[in-house]
Amino acid sequence: MTHPAQPKASHFINGEYVEDTAGTPIPVIYAATGEQIATVHAATPAIVEQALSTAKAAQKEWAKMTGTERGRVLRRAADIMRARNHDLSVLETYDTGKPLQETLVADATSGADALEYFGGLAASLTGEHIPLGEDWVYTKREPLGMCVGIGAWNYPTQIACWKGAPALACGNSMVFKPSETTPLCALKVAEILIEAGAPAGVFNVVQGMGEVGGALVTDPRVDKVSLTGSVPTGKKVYAAAAAGMKHVTMELGGKSPLIIFDDADVDNAVGGAINGNFYSSGQVCSNGTRVFVQKGIKEKFLARLAERTGNAIIGDPMDEATSFGPMVTENQMNIVLGYIEKGKAEGARLICGGNRADKDGYFIEPTVFADVTDDMTIAREEIFGPVMSVLDFDSEEEVVARANDTEFGLSAGVFTKDFTRAHRVIGNLEAGSCFINSYNDAPVEAPFGGVKASGVGRENSKEAIKHFSQVKSVYVRMGDVEAAF
Ligand code: NAD
């Protein structure tokens, strides 16, 4: 019998499901059991061509609609997503392995927030009138044209919406390629947009590996590429987009610092460290994986952290009591287990976890290392799994310098009761998305994105509008034209 997660077909183009079984089969594995639940096929060159030519043609008509009309479609899509939250969350859990306890509140709901927020903004995208004596200039905010979105595997619904909603609000069309690891959820986003009244071809989904992503990025008809992925992929995609002088948004990896001062509320700081390391089993780009703890609070913090981490309920992601799920794939599990071994070998002190959990599927115990030093591999490289590194520090000046000593700059957090210090420290940290006495909140109203190797551009908020539109300026002369001859 066909598994309920099996989509009707692999791709969604021009308002309908499309199949081409000549494409390489991509198995979809449920991470909690290792069982294959669906198969999709990578896009063939014919499918890529169909998606691009469809999106190119659909964009012009979509851009001619008023912002109010476009916004209405997006807001209707948001309502449909919310009404179907449970089913969409179950699918997200099949796609990623993340526990239903999380997917019910963090995926389709976050996608719906983006659709609603950008739907609301669509009608207010106006230009300026600039008086110049008798003459004047006016500006218009115009769409970029056809955009390509490429997703990572940790938030397949959210990533499709965070890219699709602002793109469509501005009058662009999109061809979206989900990660080959989680191909299912974006198809539902495409389906819902059509149901909400989006013209066929405005939002299309094609499946495939990096090769398909590369074909999309290098196509001369594409005006913008928005990627969520790792830094090495980001470098390749950015270079390919630059060759075609395309706009880019790059949401890449991180190794973010979370700084806990002696005066912090210990339980809140532990809560922040848990949210910033173990949510989605640690598969979150903005995670605060370098937890710098001031020496005076260290042992108290570690004791409380170990106690609370012991309360994680590891198990069946479809059981709403489960609070900790598996790694997305066997490969990702092995990468993370490799980092845990390196942590042990390089002399970090294991506080809790450190092993594969004794279950089917790709579960790793939430793992905490203390006495981690800046040069250890686990303190330098993005692990993308449930491995927290706790490092000691003495002074504010020292911790800021050490926190910034990384190629990454996605996020940063600070816990302290001293608000002057909190703002000063955040001001000195090289990171795009920051938190004071909190960690990993990502409301659609706030800009999200990184500095340094962690990315270019911002998603969400009014900032995203700037990255999916461009300004045309028009000089209007009211009198005669003077010329030299
Ligand atoms: P990845 O870089 O392996 O793949 C990302 C996407 O790029 C996939 O869809 C993949 O098929 C595609 N791709 C790969 N090579 C390509 C190429 N040459 N041209 C075009 N597309 C190509 O990343 P992943 O393993 O899926 O996701 C994990 C990474 O994503 C982590 O580094 C994580 O930090 C990052 N991430 C960042 C954010 C953010 O918003 N900053 C959010 C989630 C994940």
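These legends describe close-up views of a predicted model.

**View 1. The largest pocket and its centre.** The largest pocket has a volume of about 980 Å³. Its lining counts 40 residues. Closest to the centre of this pocket are Ala152, Trp153, Gly229, Ser230 and Thr233.

**View 2. Elements and residue classes around the largest pocket.** Four elements each give at least two residues to the lining: α8 (210-218), β10 (224-228), α9 (231-243) and α12 (330-345). The largest share comes from α9, with 6 residues. Sorted by class, the lining of the largest pocket holds 18 nonpolar, 16 polar and 6 charged residues.

**View 3. The second largest pocket.** This pocket encloses about 520 Å³. It is lined by 24 residues, and Tyr155, Gln158, Trp162, Asn440 and Ala442 are the closest to its centre. Helices α4 (100-106), α5 (108-121) and α6 (156-169) each supply at least two lining residues. The class count for the second largest pocket is 12 nonpolar, 8 polar and 4 charged.

**View 4. An open sheet of three strands.** The strand order is β5-β6-β20, and the pairing is antiparallel. β5 (129-132) and β20 (469-476) are the edge strands, each paired on one side only. From one strand to the next, the twist averages 20°.

**View 5. The pairing of β6 with β20.** Strands of a sheet pair through backbone hydrogen bonds, in a parallel or antiparallel manner. Here β6 (residues 135-143) and β20 run antiparallel and are joined by 8 bridges. One pair to locate is Tyr138 and its bridge partner in β20, Val474.

Notes: Residues are numbered from 1 along each chain as its sequence is written. This is a predicted model: local features need pLDDT of at least 70, side-chain atom pairs count only at pLDDT 80 or more; totals for chains, interfaces and linings use all residues. Side-chain values use heavy atoms; hydrogens and water are left out. On a 1 Å grid over the protein atoms alone, a cavity is a set of points where a 1.4 Å probe fits but cannot get out, and a pocket is an open set with protein on both sides within 12 Å along at least five of seven lines; lining residues have an atom within 4 Å of a point. Grid points are joined across faces, edges and corners, and a volume is the space filled by probe spheres set on the points. Ala, Val, Leu, Ile, Met, Phe, Trp, Tyr, Cys and Pro count as nonpolar, Asp, Glu, Lys and Arg as charged, and the others, Gly among them, as polar. Two strands pair if DSSP finds at least two bridges between them. Axes are lines fitted to C-alpha atoms, for helices over the stretch in contact, and angles run from 0 to 180 degrees between N-to-C directions.
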